[in-house]
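Please examine the structure below before reading on. The paragraphs that follow lead through a small sheet, the nonpolar interior and a patch on the surface.

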Amino acid sequence: MIKNVLFFALIVILIAPVAWGTTAQNRLNENTLRGDDALACGDLFYDDGVAENTIFFGGGDAGRPDHFLGIRFELADFNIAPGTTELTGFCVSNRFDLTALGGPWPNEVFVYRDLNGLPDIDNPQRQATMLTGDGTGFFETNFDQPWLLDEPVFWLLVRGDPVNEGEDFNVESDQSSEPTGNSWITDRGLSLIFQTGQNLMLRANIQASLQSTKKVPSLSLPSLLLLCVLIIVLAAWVYRQSRLDVRG
């Protein structure tokens, strides 16, 4: 009896890898909420897809680190569990042609962890430069390395940086949809950061994390045939042993 139980347990262990394989990417595709795709880029966003305004910080303020605006992303809003996805980059709306005013302009975009409800601006996790203001539709880029979203909240901020001293500073927004409370702005640092009455059109790009997408190895056809032969031989041996036990 014990031998038979061990035999069937061995079969289950050997065959199970063939049946397993749903990846985190499949779950992500099923659960990630998406809005109006008029803006044809981005995976996580709170805007309605149509830019209707541009928020400026006066002129030439893209070099001032106390000026920033951006999005506080909450993974729960998109049915995503921390640790299952990676942030690969971002896209931002670029609907308005402002070349007559000097566009396009470079601005720095930073990724921050959440620290007690505010961005941890002393510890940027990723950084890339965006170029907007020429009305080409949208700007999109990837970070040098993806960043694992291992906490429930993260920030994506366009922030002034000395490398862009003298450049303009703008982000487009939609005004027609109800503000979600996830867009923030300040020109005096964290001491005076507040929610905007518009949804900023800065979107996050994500992918399933490498750890989550790692599948249990499946068997090739030759390996599967060899497995069948081994199972048959093992079954014959168990049957022969059980007959010998009965005769004994």
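Strand 1 (residues 53-56) and strand 9 run antiparallel and are joined by four bridges; strands, like helices, are DSSP runs numbered from the N terminus, with at least two residues (E) for a strand and at least four (H or I) for a helix. Within this pairing, T54 stands opposite E172 of strand 9. The model is a predicted one, in which local features need pLDDT of at least 70 and side-chain atom pairs count only at pLDDT 80 or more, while totals for chains, interfaces and linings use all residues. Residues are numbered from 1 along each chain as its sequence is written, and side-chain values use heavy atoms, with hydrogens and water left out.

Strand 9 also pairs with strand 12 (residues 199-200), again in the antiparallel sense, over two bridges; two strands count as paired if DSSP finds at least two bridges between them. Here S173 has L200 of strand 12 as its bridge partner. The result is an open sheet of three strands in the order 1-9-12, with antiparallel pairing. Strand 1 and strand 12 stand at the edges with a single partner strand each, so one side of each has no neighbour in the sheet.

Strand 9 (residues 170-174) is mostly covered, and five of its five residues are buried, that is, under 20% relative accessible area, where exposed means over 50% and partly exposed lies in between (1.4 Å probe, protein chains only). N170, E172 and D174 point one way from the strand, and V171 and S173 point the other way.

The interior holds a largest nonpolar core of 32 residues; such a core is a set of buried Ala, Val, Leu, Ile, Met, Phe, Trp, Tyr and Cys residues joined through side-chain atoms within 4.5 Å. L69, F73 and F90 are among the residues with the most contacts inside this core. Elements giving two or more residues to the core include strand 2 (68-74), strand 3 (85-94) and strand 7 (137-148). Apart from it lies another core, of nine residues, among them F68, I121, V153 and W184. L69 touches several residues farther than four places away in sequence, including I55, V171 and L200, where contact means heavy atoms within 4.5 Å.

On the surface, L226, V229, L230 and V233 form a nonpolar patch. L226 belongs to helix 4 (residues 221-247) and is exposed, with a relative accessible area of 52%.

Note on methods:
Patch = residues over 30% accessible without salt bridge, like charges linked within 9 Å, V, L, I, M, F, W, Y side chains within 5 Å. Areas by Shrake-Rupley, 256 points an atom, 1.4 Å probe, with all protein chains shown as cover. Salt bridge = Lys/Arg side-chain N within 4 Å of Asp/Glu carboxyl O.
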